[in-house]
Amino acid sequence: MIITVAGYKGGTGKTTTAVHLACCLQSHAPALLIDGDPNRSASGWARRGEFPFRVVDERQAARYARDYEHIVIDTKARPDPEDLEALADGCDLLVVPTTPDALALDALGLTVEALQELGSDRYRILLTVVPPKPSRDEEEAREALRGLPLFDTSIRRLVAFQKAALAGVPVYQVKDPRAHLAWEDYQRIGEAIYEQVRRDPEVREGTRPGGEAASAPA
Ligand SMILES: Nc1ncnc2c1ncn2[C@@H]1O[C@H](COP(=O)(O)OP(=O)(O)OP(=O)(O)O)[C@@H](O)[C@H]1O
Ligand SMILES: [Mg+2]
């Protein structure tokens, strides 16, 4: 399956999400992470340490893609609306991370306007960097996003994610008492995506590009 991570605002956890979704899919079948951001944050993260999957940039993608069952694509912030449409057309599911603050939710409004024409089965919003209670940010964001396709699980705000990026490893390899919580959040998202994409008849029957990948055994 092909999962693309995108959104209008910078710093909403796109690269963090792409890296950990690639980890999740890799546990089912070989996964490739395509770094489609000219900043090359995912490639830098991988270079500082080691990932359990390969990272290539979009110039190398055509050659490598055929060898992998699953592909996750990280993208740059602020795509224009046509970019977003093309990105969505090129994948089975577009994952749109957003932080639960007002500015990010405003930017998300733009993304959603551009995505709504695609149909709500083609994208899903992921709340990231969510502060712990008593903050009401998550609750308020869920209220503001009511009616839109949103993952039930949010990604908590945990310093383990920053440590992981610095060390060049996935978060489950970080020495931090809460790293396992960080990994659990993405594992839940990975499973939800796996289930959603496998249920999609176009993917199951291989009539959408990348569709044949979804029939790989778990
Ligand atoms: N759940 C989280 N908890 C705490 N920090 C996080 C979390 N997710 C991401 N971060 C941190 O927030 C910063 C931005 O994350 P990331 O690079 O994944 O965002 P991005 O959307 O890819 O940014 P850009 O638009 O610059 O590509 C990084 O320092 C990252 O370590
Ligand atoms: Mg990024």
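The following questions and answers concern the fold and the ligand surroundings of a predicted model.

Residues are numbered from 1 along each chain as its sequence is written, and chains are lettered from A and ligands numbered from 1 in the order in which they are written. In this predicted model, local features need pLDDT of at least 70 and side-chain atom pairs count only at pLDDT 80 or more, whereas totals for chains, interfaces and linings use all residues.

Visitor: What is the radius of gyration of the protein chain?
Guide: The radius of gyration is taken over C-alpha atoms, and the globule rule is 2.2 Å times the number of residues to the power 0.38. For 218 residues, a compact globule would have a value near 17 Å. The protein chain agrees with this, at 16 Å.

Visitor: In which order do the 6 strands stand in the open sheet?
Guide: Helices (H or I, at least four residues) and strands (E, at least two) are DSSP runs, numbered from the N terminus, and two strands pair if DSSP finds at least two bridges between them. The pairing in this sheet is parallel. The order is S3-S2-S4-S1-S5-S6.

Visitor: Which are the edge strands?
Guide: An edge strand here pairs on one side only. That description fits strand S3 (54-57) and strand S6 (123-127).

Visitor: Which residue in S5 stands opposite Thr4?
Guide: Strand S1 (residues 2-5) and strand S5 (residues 93-98) pair in the parallel sense over 3 bridges. Opposite Thr4 stands Leu94.

Visitor: Which residues come nearest to ligand 1?
Guide: A residue is near a molecule if its C-beta atom, placed from the backbone, lies within 6 Å of it. There are 18 residues around ligand 1. The ones that come nearest are Gly10, Lys14, Thr15, Thr16 and Ala77.

Visitor: Which elements give two or more residues to the shell around ligand 1?
Guide: The shell is made up of individual residues, and two helices meet this condition. They are helix H1 (14-26) and helix H7 (159-167).

Visitor: Which peptide bond is cis, with omega of about 15 degrees?
Guide: One partner of this bond, Pro134, is found in the loop between S6 and helix H6 (137-144). The cis peptide bond joins Lys133 and Pro134.

Visitor: Is Arg40 buried, exposed or partly exposed?
Guide: A residue is buried if 20 or more other C-beta atoms, placed from the backbone, lie within 10 Å of its own, exposed if 12 or fewer, and partly exposed in between. Arg40, in the loop between S2 and H2, has a positive phi near 55 degrees. Because 16 other C-beta atoms lie within 10 Å, Arg40 is partly exposed.
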